[in-house]
Amino acid sequence: MTEPEQITIVLADDHVVVRSGLRLLLDQAGGFRVVAEAGNADAALRSVLGHKPDVLVLDLNMPGEPTSLEAIPRVPEVSPATRVVVLTMQDDPVFAREALRAGAAGYVLKEAADSELVEAVRRAAAGETYLNPRLGAALATATARDAAPDDLSHREAEVLRLIALGHTNAEIAQQLYLSVRTVESHRARIGQKLRVSTRAELVRYAIDRGLLDDRG
């Protein structure tokens, strides 16, 4: 009987003790294999090039050049299939927005790593997006744009924003005080209006159109 395939990971953080803790967390969860560690963004990119991991877990505040934020869009250049999960102490929604715009698939706060990192890595490896729920709520409840793009209604734009932030239909229904069926209907109409069919396309559309901007 063959063993289930493991998700391969490169850990990038400038603190050895943090990397050790993350490795232990992932080992205990099971289903993961850390193939390399790095202490700065440049080393992280070289490790990604050499190992082609499924996921790069990247500290946002490492010293040196390039910065972590600058490194994110370079990851697909060296390994197209590798997804980036940002791990940071920065709880400002602006940083989360910029990381997502740069191409990150996940944004996890270090204070919540014990409970969120495993899920974020699994979602990223599956082609989905994960954002710390508190930051997701901050972005999603920001003042809506004056006009929704491409004839989306205000409610449809809200639903699209929450989809892009990685929320399930049930979570969106709870946040917007709607039924799950209503959310599903909104989602179907959004897909028809934007002529997209996959979650990844919806996420890219929302990021490209600035729907995750923190507008206060």
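How many bridges link strand β1 (residues 7-12) and strand β3 (residues 55-59), and in which sense do the two strands pair? The count is 4 bridges, and the sense is parallel. Here strands are DSSP runs of E with at least two residues, helices are runs of H or I with at least four, and both are numbered from the N terminus. Two strands pair if DSSP finds at least two bridges between them.

The model is a predicted one, so to speak of a local feature takes a pLDDT of at least 70 and to count a side-chain atom pair takes 80 or more, while totals for chains, interfaces and linings use all residues. Residue numbers start from 1 along each chain as its sequence is written, and side-chain values use heavy atoms, with hydrogens and water left out.

Overall, the chain comes to 11 helices and 6 strands. Of its 216 residues, 48% are buried, where buried means under 20% relative accessible area, exposed means over 50% and partly exposed is what lies in between (1.4 Å probe, protein chains only). Contacts, meaning heavy atoms within 4.5 Å, often span a long stretch of sequence: taking those between residues at least 6 apart, 65% join residues at least 24 apart.

The 6 strands make an open sheet with parallel pairing, in the order β2-β1-β3-β4-β5-β6. At the edges sit β2 (32-38) and β6 (130-131), each of which pairs on one side only. Going back to β1 and β3, V10 has L56 as its bridge partner in β3, and L11 has V57. On its other pairing, β3 runs parallel to β4 over 5 bridges, with V55 matched to R83 in β4. As for burial, 5 of the 5 residues of β3 are buried. Both faces of the strand are covered, with V55, V57 and D59 buried on one side and L56 and L58 on the other.

Next come the helices that lie on the sheet. Helix α6 (residues 113-125) lies across β1, β2, β3, β4 (83-88), β5 (106-109) and β6, and runs at about 165° to β4. Axes are lines fitted to C-alpha atoms, for helices over the stretch in contact, and angles run from 0 to 180 degrees between N-to-C directions.

Helix α2 (residues 41-51) is home to D42. This residue counts as partly exposed because its relative accessibility is 32%. Neighbours within four places in sequence aside, D42 contacts E65 and P66. The C-alpha atoms of D42 and E65 are 6.8 Å apart, although 23 residues separate the two in sequence. S68, in helix α3 (residues 68-71), is buried, as its relative accessible area is 1%. Again with neighbours within four places left out, S68 is in contact with A41, L58, D59, L60, N61 and M62.

Further along the chain, helix α8 (residues 154-164) and helix α9 (residues 169-176) have axes that come within 10 Å and cross at roughly 130°. The pair is therefore oblique; angles under 35 degrees count as roughly parallel, over 145 as roughly antiparallel, 65 to 115 as roughly perpendicular and the rest as oblique. The crossing of α8 and α9 is right-handed, which is the label when the near helix is turned clockwise from the far one by less than a right angle, anticlockwise being left-handed. On the α8 side, R155, E158, V159, L162 and I163 meet I172, Q175 and L176 of α9. By class, the contact between α8 and α9 has 5 nonpolar, 1 polar and 2 charged residues. In this scheme Ala, Val, Leu, Ile, Met, Phe, Trp, Tyr, Cys and Pro count as nonpolar, Asp, Glu, Lys and Arg as charged, and the others, Gly among them, as polar.

Helix α11 (residues 199-208) has L202, V203, Y205, A206 and I207 buried. Their cover includes α5 (93-102), α8 and α10 (180-194). In α5, the buried residues are P93, A96, R97, A99, L100 and A102. Both α5 and α11 are followed by a glycine with positive phi: G103 after α5, near 120°, and G210 after α11, near 75°.
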